[in-house]
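Please find below a short reviewer's note for a colleague who is new to structural work. The points are numbered so that each can be checked against the structure as it is displayed.

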Amino acid sequence: MAHLAKADFRTRLQEWLPKLVLSPSIAAMLVFVYGFILYTLYLSFTDSRMLPSYDWVGVENYVKLWGLRAWWTAVINLGIFAGLYITICTAIGLTLAILLDQKIRGEGTLRPIYLYPMALSFIVTGTAWKWIMDPGIGIEHTMHLWGWESFQFNWIKDREMAIYTVVIAAVWQTSGFVMSMFLAGLRGIDNEILKAAQIDGASNWSLYRRIVIPLLRPAFLSAFVILAHLAVKSYDLIIALTGGGPGRATELPATFMYSYTFTRNSMGIGAASAVIMLMTIAAIMTPYLYAELKEKK
Amino acid sequence: AEVEVLHWWTAGGEAAALNVLKEKLEGQGIGWVDMPVAGGGGEAAMTTLRARVTAGDPPTAVQMLGFDIQDWAAEGALGNLDAIASEEGWDAVVPAALQRFSKYDGHWIAAPVNVHSTNWVWANKAVLDELGIAQPTTWDEFIAAMETVKESGKTPLAHGGQAWQEATILDGVVLSVGGVDFYNKAFVELDPEALGSDRMKEVFDRMATLRGFVDDNFSGRDWNLASAMVINGEAAFQIMGDWAKGEFLNAGKVPGEDFLCFRVPGSDGAVSFNSDQFAMFGVSSDEAKDAQSTMAGDIMSPEFQIAFNTVKGSVPARTDVAKDDFDACGQKGMDDLAAANESGKLVGSIGHGHANRAAVKNAIYDVVTAHFNGEYDSATAVEELVNAVESAM
Amino acid sequence: MAVADQDTAVRTGLVTRVFIYGILLVFAAFYLLPLFVMLTNSLKPLPEITGGNMMALPDTWTFEPWRQAWSSAQIGVEPTGLKPYFMNSILMVVPAVAISTMIGALNGYVLTKWSFRGDKIIFGLLLFSCFIPFQIVLIPMASVLGKLGMAGSIPGLVLVHVVYGIGFSTLYYRNYYAVFPTELVRAAMIDGAGFFRIFWRILLPVSGPITVVCVIWQFTNIWNDFLFGASFGGQTQPMTVALNNLVQSSTGVKEYNVHFAGAILAALPTLLVYIVAGRYFVRGLMAGSVKG
Amino acid sequence: MGFLDIKNVTKSYGAVEVLHRVDISVQEGEFLVLVGPSGCGKSTLLNMIAGLEGISSGTISIDERVMNGVHPSKRNIAMVFQSYALYPNMTVGQNMTFGLEMHGVPKPEREAALKDVAKLLQIENLLDRKPGQLSGGQRQRVAMGRALVRQPDVFLFDEPLSNLDAKLRVDMRTEIKKLHDKLKTTIVYVTHDQIEAMTLSTRIAVMYQGYVQQLGTPKEIYDTPANVYVATFMGSPAMNVLPVRVVMRDGVPHAAVRAQDGAEQYLRFSQSNLAAWDGREILLGVRPEAITDPDGADRNSANIVPLSNRIGVTEPAGADTFVTMELGGRDVIARMRADANVVSGQDFTFAVNMEKAVAFDPASEERIAP
Amino acid sequence: MGFLDIKNVTKSYGAVEVLHRVDISVQEGEFLVLVGPSGCGKSTLLNMIAGLEGISSGTISIDERVMNGVHPSKRNIAMVFQSYALYPNMTVGQNMTFGLEMHGVPKPEREAALKDVAKLLQIENLLDRKPGQLSGGQRQRVAMGRALVRQPDVFLFDEPLSNLDAKLRVDMRTEIKKLHDKLKTTIVYVTHDQIEAMTLSTRIAVMYQGYVQQLGTPKEIYDTPANVYVATFMGSPAMNVLPVRVVMRDGVPHAAVRAQDGAEQYLRFSQSNLAAWDGREILLGVRPEAITDPDGADRNSANIVPLSNRIGVTEPAGADTFVTMELGGRDVIARMRADANVVSGQDFTFAVNMEKAVAFDPASEERIAP
Ligand SMILES: Nc1ncnc2c1ncn2[C@@H]1O[C@H](COP(=O)(O)OP(=O)(O)OP(=O)(O)O)[C@@H](O)[C@H]1O
Ligand SMILES: Nc1ncnc2c1ncn2[C@@H]1O[C@H](COP(=O)(O)OP(=O)(O)OP(=O)(O)O)[C@@H](O)[C@H]1O
Ligand SMILES: [Mg+2]
Ligand SMILES: [Mg+2]
């Protein structure tokens, strides 16, 4: 602007205020997020064990990391877990939202029931789920007591299936929240568009398939961000539910990182695994952010 | 003055026992600031400790196990207890194997509270009597006994599928296979040859045999639930540290009458131990130092050792304490400890971080657990063990 | 005769509706199951739990576990129950939620109504910060808090939670304000209002729904946090740490009934927030995050 | 029995009745326009015809088939929504052919229909865009196109041109008119715009507060409004309605009004039935274009009456000049030619075309003459 | 030097220039109306005056004080937004006095100002309601009221009446006119509505694609449009523009046009300067109201010319009847009295008021006569 010089002080203050207001957040973010990420990156190249040390060892930690079976297990588990968790949560959330949007009597009661698990921490409910899925005392036991002797549900004790119990508990916790997001999305769709589609002769099925679901794209995106972030950060859940077991069959990168950093006193490897995790997240998030920010142009 | 104590004894008798120490200190004009963080057998507390130290605000005293103490000492974070130690003559009464952890560079840095030993077998006497089983004295008898139990339809071995519980069994099994020398060579010195030896294969074979006596529903089970199986008579044996005794006592069982305690057959004479100690962190003011050493002295005092260990199921960390207050198993433990100390058969527990550092311990966990859960056969397990230990060193 | 009056945009037949209610109820049961298990077992004496059926209602009803969990269970060396920790949590949560929400609101306001070159990048960076795993920040955070002299104190905890709460609160408010008519801001400028007065008088009063969403989110996350509480709580540990101490004790008898009672007690504030504010939750999401 | 029959239809939302016993019968090929102020129930009625709102009582039938309870998708109706209601996720082309697709029309036929309509609406080059990339006028045309590709029994238009600027609106109005002349499909059309109502319709229904006030041809509505409400609602500027006294002079009823200076003037009625109101007050309705300068007065009228008054505000508006004056205590507007020599504040003699005057009962506000 | 001076102002969004060197000088107390099609830059210009958009180059000054860079809150301007922009959380009263409060006016004064304006706008009984509880027309008045309580240097109105129905719009227009007559504050007013533009303004700026096409009094714009764009934009129905050949007959220029039957007819121009175009093609502009039935023709015109043609569509529209015919290959609209005896498809002799005709250069489309 050519005439900025003529602006009086208060006007200039008005122009600076927004940035001034934003600056503490930016500063905090730079230090506490990006600074720490850089710090972690640095640690991943050192031989830090119990406490940070500053002896450079190059990529040794990364080499070790990728040589560890447990890390591979963790990465593969994350793939399975995140994939299923995000898909199932989305599917259940969408289904419930659509059903709940049909002028359901008692919506006011059902909604908090679907939503409340989000309010609980896994320290709280992990134990309950562990019980429920434990064949000795949980569902299986109960079914046996009720006379269904052949009933079997012992996934939590099965190395192959244990990761799916984690999915169940995680889905239990967040699908209600996802439902709310979709419900909000559905309620936000212009009624006239739905009316128009009916006039156009669309049956309920094609109405949802062709009009409603495509229109929920923003809700899908928001849900994806939240679910992806929860999947990547899942830690409490594993600890409370399976403790990473049986064996180390349900280890995830977050638990892996924690155990190497803090219980195994191999902070360097822990940092390396954190860096890999962050890079993965960045790879997934950047396209989303790009789309989000471009759209607003 | 006050002491801030970070520990993970947050429940039941042990917390109450710690309260004795607290009251004692308060009687001496020293305040107690409690800082309990439970979880993962002290893992959470260690994480907290790391944060506290990094923030430059370490607690005065921290409950710690084995090599962690040495690691912290190596970081230069710990204080010095030489004064009170020499005053009270700790060098003479604390077993050398414990001193290995309580002293760094020749200086006292921690006060041991107790000695747990891990190569115990707990048995339901009623079940054994019913099946006509005598207390087994050799490995083969032990196996035979379990076969008998299995035939009766009960669970021979109660076990919880958590890495540390499997490693606890390992302690006893290694001692039963190769004795103290092999134990030390393989798991303390980490000699690759010993680690990869046929003996090691036998260790894993025995572990596999034991796995065969465990029920299917073991994975993730807490140890006290496994103990409960023995108490209820659902199972005959449990291999577990002496803290299991508390469960039996709490259930109103009497040692020798309702339940038996004996060393893992084949490991007689040897004791694999772990010891809870209070590591004393560096404090600056004299007042704090005084409080700290008063606390250390109180911990080491026979009254406290007795008060605490009778509750906890462990035995005192000093060998000159009267046995009268202890029950049968406790007395046996004390005798065993003294004897093993004499004969040099007191070894640090593999499973509880008294044989080697955390990284190595966890590497061993990984292999043992994987093997126990059927992921490796014994031969593979031996190979993996060598690799894992090597890469963790 | 009059046809059944349905003014919904989409109409469904009777069979379909029965089917819909069926599915909804099945899911309701799925969501309620763990709560049911915790609740019933918290009302049983211990032997009934170890010996009996998890799903069965108590034979003997007892509130003793609740009393114990609240006021007499052994948490550290002293049998205090969860009671004394409750206040610590409140003292931490309230300012942390308030501050992070306020900052998020201001950030959202700036990012949507005072856009400048590079604002999108800043938003992107803020958003990415939501993804940082807390485990990796523990050590550097401890050292920063130590340098600030805030380690082991409630202000320190508040700081940590605020810092890592900003990402989400900014996201929520940004998306909400993005659909707020900019005309109103312009009208207020013409009326002579400055930066803060526009925020205070124009935007904030209509931010109710999104504030509910943000507060619920932050409250739950902060209340349920264990890692930071245990690491930076010092002598003012929050309730989660106490609960953890109760539940995770390494040796001794596991008093499951007390544990469950304690777990529910620790979750009560968040449950309360959900039930009280939950009605506005969908409305807030609707107005905000989705249309962004 | 018409083609589209609305019989005794009421609509309530909860306790509030928003439509009261509406009775409209539309012949096949008719163009019915619904007009009325905001909130009078026009859209509600349209939605009921479409099946988008339930009917509280009464019946709606199309081609003798009762439609109550029939799903909208089964009614063979096409509708243009006031707010376009375009599917934002589809291209213009997809938007327009979605209805055909839903009705199982095969692709080649859809393409052909799309091409024709797109050409008609001059949006051929926009077919691949998304609605978000269109200007308001273009969107409006797509909304229209979506209805036009189909061959429904009835077209429903809900204020389809309300968002266009004046110029585009005139063009589109002409297109709709042409289209109706060609297809002869029955149309029900809601609008706020009177020119639209007057020029497009074969009949108009004027609604107010949920009642149909009058249903008739545009000419009937304009020349013989059923009541004061209809009279003032239709026509812009609105018909002047002022209280006058009926006096008999030479055996013919006259309206006695007071000009601004207070002098009473007499305007001769053409309708002799007003003799019955002799000496009583009535409401006289005169449209602005019936009050002109003498030169501009309708030369075919048999009853042009002079009226002297002081000129108030003058508003030149291009083609015309509007003059406001005070008459009978009311502001009265006259529409003059653009060049009429009128100056604010001067006295002037207006020519009033009393052939076009309407009289209302002051109590019921119903028309009493002609 | 005017009171509000817009000098050489351009505005770019990124690489796109949306306003090109706009130069407008507004005198104190003037009522300037900006008209133009959607997207031509009207709102942008208004926002720049208000300080809500930066100025890319050029200067805007009010009362000789350059305003570039001055914060909106410091410009002493009041603005009415197209979308009302009422604060939803405040009552009507608070909405209206918010500006005064921000300018530090003490409470009693605010109350007094509020009372006056509320009375003027007849919304006294609504002061305690929230905007959500108001009808469209009431909201509009509140938006207006919010501007009126202040005593700004300049009022800016952005399509303030666009959302009202016809009746309300006429009322509000009259109110604005009265208000301006009383306060004499400078006003810049954006509208799509031509009647509004013509009746309210002292001057009109017609904009198109970011250029000011013509700036002049309503009469100038209407009678002597600067180019074909302005000619067809202003006036409804639009001015008829058709290609004609100039031929000299008796030394006077005539327009030669072909009626539908193909016969050439000659319309005498009143402007002799067209002699220069003898034999060449020009564009002839004639407004619909200048083509009438002979009885309805302006009796003051010196140059009424007959024109025979076949009648196309007729559209009765209450006060008038519009007749479409084909002339010179174009559709031409004539505006007749409502009672004119015109029947679709018949031949008819129209009266064309050539005094009002305008001629344009067919290449540049600029006006060449009068
Ligand atoms: N869902 C509803 N619940 C209650 N009242 C309603 C509902 N929908 C509409 N109404 C009321 O019904 C009346 C008629 O509404 P409708 O939309 O038919 O008006 P309209 O004539 O189309 O008006 P406009 O010209 O503003 O579109 C209004 O008074 C409105 O407030
Ligand atoms: N932020 C922006 N970025 C890019 N182009 C813009 C932006 N805002 C407006 N424009 C463009 O500037 C031009 C002028 O817009 P403006 O809003 O002034 O039009 P207008 O004359 O007020 O139209 P309307 O009558 O529809 O309100 C339009 O072509 C528009 O697309
Ligand atoms: Mg409507
Ligand atoms: Mg605009």
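1. The model under review is predicted. In the shell around ligand 2, helix H1 (residues 42–50) of chain E supplies the largest share, three residues. The full set of residues around this ligand is Tyr13(E), Val18(E), Ser38(E), Gly39(E), Cys40(E), Gly41(E), Lys42(E), Ser43(E), Thr44(E), Glu159(E) and His192(E). Sorted by class, the shell holds three nonpolar, six polar and two charged residues.

2. Several polar atoms approach the oxygen atoms of ligand 2. The side chain of Lys42(E) places an N or O atom 2.7 Å from an oxygen atom of ligand 2. For Cys40(E), a backbone N or O atom lies 3.2 Å from an oxygen atom of the ligand, and for Glu159(E) a polar side-chain atom lies 3.3 Å from one. Ligand 2 would expose 630 Å² if taken alone, and the protein buries 58% of that area.

3. Ligand 1 is surrounded by residues of chain D, namely Tyr13(D), Val18(D), Ser38(D), Gly39(D), Cys40(D), Gly41(D), Lys42(D), Ser43(D), Thr44(D), Gln82(D), Glu159(D) and His192(D). Which helix gives the most to this shell? Helix H1 (residues 42–50) of chain D does, with three residues. The classes represented are three nonpolar, seven polar and two charged residues.

4. The polar contacts of ligand 1 involve both backbone and side-chain atoms of the protein. A backbone N or O atom of Gly41(D) is 2.9 Å from an oxygen atom of ligand 1, and a polar backbone atom of Cys40(D) is 3.2 Å from an oxygen atom of the ligand. From Glu159(D), a polar side-chain atom lies 3.3 Å from a ligand oxygen. Taken alone, ligand 1 exposes 640 Å², of which the protein buries 57%.

5. Chain D as a whole deserves a brief description. This chain contains eight helices and 22 strands, and its C-alpha trace spans about 75 × 45 × 35 Å along the principal axes. Of its 370 residues, 58% are buried. Among the contacts in chain D with a separation of 6 or more, 66% join residues 24 or more positions apart. The chain exposes about 14,500 Å², and carbon and sulfur atoms supply 47% of that area.

6. One residue of chain D may be examined in more detail. Ala338(D) sits in the loop between strand S19 (330–337) and strand S20 (347–353). Is Ala338(D) buried or partly exposed? Its relative accessibility is 29%, and because values from 20% to 50% fall between the limits for buried and exposed, Ala338(D) counts as partly exposed. Leaving aside residues up to four places away in sequence, Ala338(D) touches Gly318(D), Ala319(D), Asp320(D) and Thr321(D). The C-alpha atoms of Ala338(D) and Phe322(D) are 8.6 Å apart, although 16 residues separate the two along the chain.

7. Helix H12 (residues 223–232) of chain B is a useful example of burial. Seven of its 10 residues are buried, so the helix is largely enclosed by the rest of the structure. The buried residues are Trp223(B), Asn224(B), Ala226(B), Ser227(B), Met229(B), Val230(B) and Ile231(B). Their cover includes strand S8 (120–124), strand S9 (155–158), helix H9 (163–188), strand S10 (235–239) and helix H13 (244–250) of chain B. After H12(B) comes Gly233(B), which has a positive phi near 85°.

8. For chain A, an unreviewed UniProt entry lists residues 20–42, 70–100, 112–132, 161–186, 207–232 and 267–291 under "transmembrane region". Two of these spans can be compared with the model. Residues 267–291 of chain A are 100% helix and 0% strand, with end C-alpha atoms 36 Å apart. Residues 112–132 of chain A are 71% helix and 0% strand, and their end C-alpha atoms lie 22 Å apart.

9. The final point concerns how the chains meet. Eight pairs of chains touch, and the pair with the most contacts is chains A and C. Chain B does not touch chain D, the nearest C-alpha atoms of the two being 50 Å apart. Chain B and chain E also have no contact, and their closest C-alpha atoms are 47 Å apart.

Technical notes:
Residues numbered from 1 in each chain as written. Chains lettered and ligands numbered in written order. Predicted model: local features only at pLDDT ≥ 70, side-chain atom pairs only at ≥ 80, totals over all residues. Heavy atoms only, no water. Helix = DSSP H or I, 4+ residues; strand = E, 2+ residues; numbered from the N terminus. Buried < 20%, exposed > 50% of the residue type's maximum accessible area, 1.4 Å probe, protein only. Contact = heavy atoms within 4.5 Å. Near = heavy atom within 4 Å. Polar contact = N/O pair within 3.5 Å; in protein donor to acceptor, adjacent residues only side chain to side chain. Areas by Shrake-Rupley, 256 points an atom, 1.4 Å probe, with all protein chains shown as cover. Nonpolar A, V, L, I, M, F, W, Y, C, P; charged D, E, K, R; others polar. UniProt positions renumbered as here; feature names shortened; annotations may be inferred.
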